[in-house]
Amino acid sequence: MTDDNSRPLIQMVKVDKFFGSFQALRNIDLEVQKGERIVICGPSGSGKSTLIRCINRLEKHNAGEIIIDGIELTDKVEDIDAVRREVGMVFQNFNLFPHMTIVKNLMIAQQLVRKTSKDESRKLAMRYLERVKIPEQADKYPIQLSGGQQQRVAIARALCMEPEIILFDEPTSALDPEMINEVLDVMVDLAKEGMTMICVTHEMGFARSVADRIIFMDEGEIVEQAEPAAFFDNPKSERTRAFLDQILSH
Amino acid sequence: MEVLTGWWDDYLWGAVIVAKVFAASLLLMVLFGLIGAAAKLSDNRVAQKIANGYTVIFRGTPEILVILLLYFGSAIVLTAIAQVFDPDIRFVDVPPFWAGTIAIALIVGSYATETFRGAFLGVKPGSIEAARALGMSPLQTFIYIRIPEMWRIALPPFGNHMLSLVKDTALISIIGLNETLFVAKQAITVTGKPFTMYIVVGIIYLGFSSLITLSVMGIEKFGNRTTVGAR
């Protein structure tokens, strides 16, 4: 590949997505460069989660093109698998495997998908658990951990696959307020290390300090995208202004 | 108690037969239940219809009737088939052990179909999504995520199915399987002591069911170590 550096890591061209007759995404055009940190915000039901779930094919788009690091997402299973190896995901409800210990949660996909040996995958799992600052929880089960700890484990689990991109789907929305910062801290560290991130979140402080670009969505459309300063201080669209007034009013 | 002298070994062999029927029908019951659940959960309309017919019929008719119909029905069918090859054959006898085992496995399997179906649907979609997002294949997700999560959900009702199964073995005496109830009937004709002879059968079955209940409790405790017990 000669154009490795100029080619965007994620390319969405005129993407539509329907759930039955409801149109969840309308004509989405989006390019994300390597190392970029994108925050997506918007009212609930605006298609934010659907957008990032299309990127790793948890949802299948109905029209348009999605190309991840040169691989176009179609029905081809090998291509979907290849994309999923490059794209990590962190969910709102953590989605740890309840019947496995923490360290097993981090090892299972390494062993099955990347065919890493048991010893190697355990080593890597412990390294990432240390990075999210909970190595001492390795042999516990998910339910024994607090929500914030579980979400940090979920981030470590995604990192164990050494992805190019990580998608965050409202990672702090299910957390008690006192646990939000421990998760955001981990995400800020990741951002500093140059990870390509797309984050659906309502944490506007995080968005302002970390994002390269903020995307505002409403009714399945990208209404506005801008750098944080411009986005918060000088929003162009009326809908963006109304949304910001609502969430920043307190 | 003296009346029982001489009958102990008959009861013992009867109990062995109960155990054998239970073991064989347990395996078949799980198999029927899994096939039924898979059919009901599949996108195939025909498979769904067949599975629905199966659960409607076997949950909706008396168990003893199913055993009788299966025993005599299979004998008639097999006889007809055999007569094609050798017209001199009068009657093909189906072993009551297998007719009875298959019959009760089909009956309890129809209940297990619903249990397994519910358990598969009870697995959190989040776990499955996480596995898929990590790049695990559908088969890997099924083996490492769905099955380990579903059996924990299915276990308590499954314990009840095992109890039904072991108790249903007594029904097979009607087609001449010499299990404990059959032994008791023979002993009664000789000794004329129905109460004593039936009580022994009751005690034997209580022994089996207690064993099953205790095992299920043990397995449940093991399965729950990751959830409730872990707190």
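This passage describes the sheet of chain A, its contact with chain B, the salt bridges and the cysteines of a predicted model.

In chain A, an open sheet of mixed pairing is built from 6 strands, arranged in the order β6-β7-β8-β3-β9-β10. The edges are taken by β6 (87-90) and β10 (221-226) of chain A; each has a single partner strand, so one side of each lacks a neighbour in the sheet. From one strand to the next, the twist averages 20 degrees. Within the sheet, strand β3 (residues 37-41) of chain A runs parallel to strand β9 (residues 213-218) of chain A, and the two are joined by 4 bridges. A:Ile40 is placed opposite A:Ile215, a residue of β9(A).

Two helices of chain A lie across strands of this sheet. Helix α1 (residues 48-55) of chain A crosses β3, β6, β7 (165-169), β8 (196-200) and β9 of chain A, and its direction makes an angle of about 150 degrees with β7(A). Helix α2 (residues 77-86) of chain A lies across β6 and β7 of chain A, at about 65 degrees to β6(A).

The interface between the chains brings 23 residues of chain A into contact with 21 residues of chain B. The size of an interface is often expressed as the accessible area lost when the parts come together. For chain A and chain B, the area buried between them is about 2100 Å², with 63% of it on carbon and sulfur atoms. On the side of chain B, B:Ser127 is located in helix α5 of chain B. B:Ser127 is buried, its relative accessibility being 3%. Apart from neighbours within four places in sequence, the contacts of B:Ser127 comprise A:Asn95, A:Leu96, A:Phe97 and A:Pro98 from chain A, together with B:Ile145 and B:Glu149 from chain B.

Side chains of opposite charge can pair when their charged atoms come close. Over all chains, the structure contains 20 salt bridges. One of these pairs crosses between chains, linking A:Arg53 in helix α1 of chain A with B:Glu129 in helix α5 (residues 125-133) of chain B. The count of salt bridges between chain A and chain B is 1. In the pair formed by A:Arg53 and B:Glu129, the closest N and O atoms are 2.5 Å apart. A:Arg53 is buried at a relative accessible area of 13%, whereas B:Glu129 is partly exposed at 22% relative accessibility.

Other salt bridges link distant parts of chain A. The side chains of A:Arg57 and A:Asp75 form such a pair, with an N to O distance of 2.8 Å. A:Arg57 belongs to the loop between α1 and β4 (63-68) of chain A, and A:Asp75 to the loop between β5 (71-72) and α2 of chain A, the two residues being 18 residues apart. A:Arg57 is buried, with 10% relative accessibility; its partner A:Asp75 is exposed, with a relative accessible area of 54%. A further salt bridge is made by A:Lys133 and A:Asp189, with an N to O distance of 3.9 Å. This pair spans 56 residues, from A:Lys133 in the loop between α4 (118-131) and α5 (147-160) of chain A to A:Asp189 in helix α6 (residues 177-192) of chain A. A:Lys133 is exposed, at 54% relative accessibility, and A:Asp189 is partly exposed, at 31%. In addition, A:Asp218, A:Glu219, A:Glu221 and A:Arg239 are joined into one network by salt bridges that share partners.

A disulfide is a covalent bond between the sulfur atoms of two cysteines. The search of the whole structure over all chains returned 0 disulfides. For A:Cys41, the closest cysteine sulfur is that of A:Cys199, and the separation of 11 Å is too far for a bond, given a limit of 2.5 Å between the sulfur atoms. A:Cys54 likewise takes part in no disulfide, the nearest cysteine sulfur being that of A:Cys199 at 17 Å. A:Cys41 is buried, with a relative accessible area of 0%. A:Cys54 is also buried, at 0% relative accessibility.

Methods:
Residues numbered from 1 in each chain as written. Chains lettered and ligands numbered in written order. Predicted model: local features only at pLDDT ≥ 70, side-chain atom pairs only at ≥ 80, totals over all residues. Heavy atoms only, no water. Buried < 20%, exposed > 50% of the residue type's maximum accessible area, 1.4 Å probe, protein only. Pairing = 2+ DSSP bridges. Axes fitted to C-alpha atoms, helices over the stretch in contact; angles between N-to-C directions. Contact = heavy atoms within 4.5 Å. Buried area = accessible area lost by both parts, 1.4 Å probe. Salt bridge = Lys/Arg side-chain N within 4 Å of Asp/Glu carboxyl O.
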